[in-house]
Amino acid sequence: MKRTIKLFLGGGIIGGFLGFIIVKDAFTLPLYEIAMEMTLIILGIALLLTIGGFVKLAQLKKQSAQQFSGEDEDEQEEILYKLYSDASLASTISLILSIVGACIAVITEQPIIFQALSVPVILLAISLVPLVGNYIKFAYPNRDFPSYNDKKYTKKLFEMSDEGERHIMLQGLYSAFSTTNILLVSSLVLLMFYSVASGESQLFAILIIAIILVVGNTQYFLKVRNR
């Protein structure tokens, strides 16, 4: 609980500091003026990451087909793991950015060609997600993984992991959970200051972030309490 309070306080301080700068300089982001450039840049990055994800998966499959022994086998496992991790990260980030790019294009009423441009980028990013899930068999060729189409894929994947793998996953998840809490609380405070400085109400976004914080933290603490 103390750690949670520290995380929230840390997020509030960061958001308050950035918010003070915004209010002090009456800073507002010229989002509509640069919306077209933002759309192109974000969609471009999403597209490059998606292509990069496909390339990593192709390298993973090719590398997995090679046979090694001894120390070379250990090095092979590390290479496969990193290729799969890179593809997973590229897939996740590209999907997020492609959706953000589409949102900017629609909200700022960009020409229809820019809005239409976001559709194939999103579809490409979406098509990469199940492919990454199925290619885990190439990262661990000696293990029998459930199908990505299995409704309990995530649960089965977690259950078949050994203690060491679970420990690493839980460390990563807890670290991500803590960072997300700090960033979301910072965003709450920052949006409040931005609303005051710009005169543009960010109340809806503040409410959405608050709901995410409440649901996420409630789910986490109930899960921990009931174990």
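User: Among the elements of the protein, which helix has the lowest mean pLDDT and which the highest?
Analyst: Helix H1 (residues 2-24) has the lowest mean pLDDT among the elements, at 64, and H2 has the highest, at 93; pLDDT is the predictor's confidence in each residue, from 0 to 100. This is a predicted model, in which local features need pLDDT of at least 70 and side-chain atom pairs count only at pLDDT 80 or more, while totals for chains, interfaces and linings use all residues. Residues are numbered from 1 along each chain as its sequence is written, and side-chain values use heavy atoms, with hydrogens and water left out.

User: And what is the mean pLDDT of the protein?
Analyst: The mean pLDDT of the protein is 83, and 87% of its residues reach 70 or more. Where pLDDT is low, the predicted coordinates should not be read in detail.

User: OK, how many helices and strands are there?
Analyst: The protein has 8 helices and 0 strands, and along the sequence this reads as α-α-α-α-α-α-α-α. Helices (H or I, at least four residues) and strands (E, at least two) are DSSP runs, numbered from the N terminus.

User: What share of the contacts with a separation of 6 or more comes from residues 24 or more positions apart?
Analyst: Residues 24 or more positions apart account for 69% of those contacts, where contact means heavy atoms within 4.5 Å.

User: Switching to charges: how many salt bridges does a search of the whole structure find?
Analyst: The search finds 3 salt bridges, each defined as a side-chain nitrogen of Lys or Arg within 4 Å of a carboxyl oxygen of Asp or Glu. Side chains of opposite charge can pair when their charged atoms come close.

User: Which parts of the chain does the pair of aspartate 86 and lysine 56 link?
Analyst: The side chains of aspartate 86 and lysine 56 meet in a salt bridge at 3.8 Å, N to O. This pair links distant parts of the chain, with aspartate 86 in helix H3 (residues 71-107) and lysine 56 in helix H2 (residues 35-64), 30 residues apart. Aspartate 86 is partly exposed at 36% relative accessible area, and lysine 56 is also partly exposed, at 27%; buried means under 20% relative accessible area, exposed over 50%, and partly exposed in between (1.4 Å probe, protein chains only).

User: Where do glutamate 78 and lysine 82 lie?
Analyst: Both lie in helix H3, 4 residues apart, or about one turn of the helix, and their side chains meet in a salt bridge at 3.2 Å, N to O. Glutamate 78 is partly exposed, with a relative accessible area of 44%, and lysine 82 is partly exposed with 47%.

User: What about glutamate 163, is that exposed or buried?
Analyst: Glutamate 163 counts as exposed because its relative accessibility is 61%, whereas arginine 166 counts as partly exposed at 23%. Glutamate 163 forms a salt bridge with arginine 166, with the closest N and O atoms 4.0 Å apart, and both residues lie in helix H7 (residues 163-198), 3 residues apart.

User: Now the rings, how many aromatic pairs are there?
Analyst: The structure holds 5 aromatic pairs. One of them joins tyrosine 174 and phenylalanine 177, a tilted pair with 6.3 Å centre to centre and 35° between the planes. Rings of Phe, Tyr and Trp (its six-membered ring) pair if their centres lie within 6.5 Å, and planes under 30 degrees apart count as stacked, over 60 as edge-to-face and the rest as tilted.

User: Which residues do ring pairs link into a cluster?
Analyst: The cluster links Tyr174, Phe177, Tyr220 and Phe221.
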